[in-house]
Amino acid sequence: MSNKVKNTALRAGTITAGTALMLLMSSPAFALTRDDGDDPGPGLNVAQTLGLYVAAPIVLFLIIAGLVIATDKTRKQAKTKG
């Protein structure tokens with residue numbers, strides 16, 4: 001193997017090992033103990049979760065799309081009249 005290929009392989013291996021080490025050090029195992037002042041509060045039930053992460057984005061999308069369509073139609077009507 002050439003010297004350039006060896007250096008590239010060594011660099012890739014070092015980056016991979018460093019990344020793996022950082023991922024292992026930041027694993028969720030450290031999240032088992034509570035920090036001072038950590039107060040997570042009550043969890044959400046299924047209906048609240050679906051409403052927050054499914055229904056709310058769909059409603060916001062529909063509102064924004066409706067406003068865009070409404071403003072676009074008024075502009076087209078003004079062009080056809082004049």
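Here, "partly exposed" means a relative accessible area between the buried limit of under 20% and the exposed limit of over 50%. Keep that in mind as you look around this predicted model.

**Start with the whole chain.** Show the protein as a cartoon, and you will find two helices and zero strands. Now switch on the surface. The protein has 82 residues, and 0% of them count as buried. Its accessible surface comes to about 7700 Å², with 69% of that belonging to carbon and sulfur atoms.

**Next, select Leu-44.** Where does Leu-44 sit? Look in the loop that runs between helix H1 (3–25) and helix H2 (46–81). The relative accessible area of Leu-44 is 49%, so this residue is partly exposed. Show its side chain together with Thr-49 and Leu-52: Leu-44 touches both, leaving aside residues up to four places away in sequence.

**Then move to Val-54.** This residue belongs to helix H2. Is Val-54 buried, partly exposed or exposed? Its relative accessible area is 41%, and because that value lies between the two limits, Val-54 is partly exposed.

**Finally, bring these stops together.** Select Leu-44, Val-46, Leu-50, Leu-52, Tyr-53, Val-54, Ile-58, Phe-61 and Leu-62, and colour them on the surface. Together they make a nonpolar surface patch of about 970 Å². Both Leu-44 and Val-54 from the earlier stops are among its members, and so is Leu-52, which you saw touching Leu-44.

Technical notes
Residues numbered from 1 in each chain as written. Predicted model: local features only at pLDDT ≥ 70, side-chain atom pairs only at ≥ 80, totals over all residues. Heavy atoms only, no water. Helix = DSSP H or I, 4+ residues; strand = E, 2+ residues; numbered from the N terminus. Buried < 20%, exposed > 50% of the residue type's maximum accessible area, 1.4 Å probe, protein only. Areas by Shrake-Rupley, 256 points an atom, 1.4 Å probe, with all protein chains shown as cover. Contact = heavy atoms within 4.5 Å. Patch = residues over 30% accessible without salt bridge, like charges linked within 9 Å, V, L, I, M, F, W, Y side chains within 5 Å. Salt bridge = Lys/Arg side-chain N within 4 Å of Asp/Glu carboxyl O.
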